[in-house]
Amino acid sequence: LRGWQLELAEDSARLDGGLRLGAAGELPSLAGHLVAHRLSLTRWLDFARDLPPGLQWALDNITRGEADFELDGKGLRVPRVTARSSGSVFEGSGGVASWAEPVVALDLKAPSVNLGLALPEALGSAPEAPFYVHPPLTSAYDEPGAPSSSISLGFDIRLGAKQLLYGPLRLEDASVRITPGPKKNGLEEGALLAGKAALYGGRLSSETHITGTGQENVYRIDGTVQGVKASDIARDMASFPFASGRCDARLSLESRGLGLDAFLRHLRGSLHADVTQGRFRSGMDSAIRDFARISLDVTPRGGRAIAEGGRGAARLEALWKAHLESPGLEADVQLDGPLIFGGRSRLRTEAAALRGNLHMPPGAALPHGLTAGVAGQCAFNVGTLAFSLQRAALSTLGVEGQGDLHLDGGGRAPSWRGRLHLQCRDLGATLR
């Protein structure tokens with residue numbers, strides 16, 4: 001067979017090979033070389049339609065693929081395959097070991113992958129999923145009208161990259177394995193994505209379970225980050241607030257729907273992060289530049305995707321808790337309300353309930369130590385260095401205050417303005 005042109009919908013390929021009819025009682029076999037000008041896994045295979053829309057688009061446009069193969073009555077063997085998708089070149093092998101229990105296996109690696117191209121949702125974009133007028137050729141959900149809903153096609157797809165780019169961050173030796181999810185009522189449910197990578201001297205691992213179909217996809221995400229060096233992140237990420245320290249984190253999240261807006265709207269779960277034995281970047285007050293530990297706990301309650309100034313942004317409603325331990329200082333801050341990431345500013349909020357406490361043990365400067373508290377309705381903008389606190393309640397050293405405060409840090413010198421009502425029950429004790 002020489003120069004055979006194959007076309008199916010928008011997909012096309014050229015086949016060169018040999019067909020062996022075999023002896024009596026044997027099934028024919030086909031071996032050769034296939035050049036795929038374009039191939040869509042999302043159009044034809046059901047599991048690809050259950051992935052996030054950005055990844056669906058990546059698998060919908062696989063180009064300049066080449067494969068050596070051998071196809072017979074037992075299975076399909078592909079010892080060498082190359083393909084291009086989302087700006088990366090993948091090489092590896094694949095096949096179907098047995099037609100009796102068909103499992104599509106792929107093991108592909110690329111020198112470099114840009115996650116923003118392969119999965120734009122990871123960077124805040126919200127593409128619509130591709131639309132097809134027909135169901136996939138295989139269906140694990142017994143969809144009415146499927147060409148062969150009785151075909152149960154398994155999958156074991158392993159993708160890897162020597163370098164994975166995630167915005168300004170660089171991950172090394174990254175890999176993800178996509179397999180059917182755990183069985184429920186005897187049936188495999190959805191897809192399981194298990195990922196791992198080296199991250200700035202530490203390790204990242206995650207497990208994402210995707211179930212459901214269409215607009216009802218359900219996501220369960222668990223992940224950990226261990227032993228990451230803050231100094232290495234700071235070199236690539238200008239907005240990272242720490243110059244040194246060890247970073248660890250764990251998360252457990254659930255959501256549903258397709259697209260970033262639906263994902264944020266239904267987002268629930270928890271996130272905990274620690275930075276230990278660290279230092280803030282220059283520009284922080286020298287009194288608290290070094291610290292023993294900073295802990296952050298986030299309990300999301302939903303959100304939405306928004307657009308500001310032509311840029312995408314994410315508004316996340318949550319309970320945010322932070323704890324600081326540093327030499328001679330301990331502080332707790334709780335913020336209850338939405339934070340907006342991206343858009344006109346790196347980070348801001350328009351209205352959130354703030355509560356904070358600070359404690360300094362007795363020392364040379366403060367023989368009796370210091371305890372202070374603050375509460376109120378706050379708004380801030382990291383991009384313009386603006387901060388305001390409405391209906392503020394302050395207390396320290398026996399002094400209590402109420403009022404409104406505004407900080408403008410965007411000029412040559414920071415400036416405060418506002419109105420405060422202060423009262424002191426024992427001024428002598430305060431001055432001592």
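Let us start in helix α4 (residues 230–236), where R235 and D232 sit three residues apart, about one turn of the helix. In this predicted model, the side chains of these two residues, R235 and D232, meet in a salt bridge, with 2.4 Å from N to O. The partners sit in contrasting surroundings: R235 is exposed at 63% relative accessibility, while D232 is buried at 16%. Side chains of opposite charge can pair when their charged atoms come close.

Stepping back, the protein has 432 residues, and 40% of them count as buried. Its fold is made of six helices and 24 strands. Among contacts between residues at least 6 apart in sequence, 44% join residues at least 24 apart. The accessible surface comes to about 23,900 Å², and carbon and sulfur atoms account for 56% of that area.

The pair in helix α4 has company, for the structure holds 23 salt bridges. Another one of them joins the side chains of E10 and R38, at 3.9 Å from N to O. E10 is in the loop between β1 (4–8) and β2 (11–20), and R38 is in strand β3 (residues 29–39), so this pair ties together parts that are 28 residues apart in sequence. Here E10 is exposed, at 52% relative accessibility, whereas R38 is buried, at 17%. These two residues also belong to a network of salt bridges that links E10, D11, R38, R43 and D60.

A further salt bridge brings together the side chains of D107 and K109, at 3.3 Å from N to O. D107 is partly exposed, with 31% relative accessibility, and K109 is exposed, with a relative accessible area of 52%.

What about disulfides? The count comes to zero. Cysteines can still be found in the chain: C378 is buried, at 3% relative accessibility, and C424 is partly exposed, at 29%.

Finally, have a look at the backbone. Which phi value does Y200 have? Its phi is near 45°, a positive value in a residue other than glycine. Y200 lies in the loop between β12 (191–199) and β13 (202–211), and it counts as buried, because its relative accessibility of 9% is under the 20% cut-off. R391 also has a positive phi, near 50°, and is likewise a residue other than glycine. R391 is placed in strand β22 (residues 386–396), and at 63% relative accessibility R391 counts as exposed.

How values were computed
Residues numbered from 1 in each chain as written. Predicted model: local features only at pLDDT ≥ 70, side-chain atom pairs only at ≥ 80, totals over all residues. Heavy atoms only, no water. Helix = DSSP H or I, 4+ residues; strand = E, 2+ residues; numbered from the N terminus. Buried < 20%, exposed > 50% of the residue type's maximum accessible area, 1.4 Å probe, protein only. Contact = heavy atoms within 4.5 Å. Areas by Shrake-Rupley, 256 points an atom, 1.4 Å probe, with all protein chains shown as cover. Disulfide = S-S within 2.5 Å. Salt bridge = Lys/Arg side-chain N within 4 Å of Asp/Glu carboxyl O.
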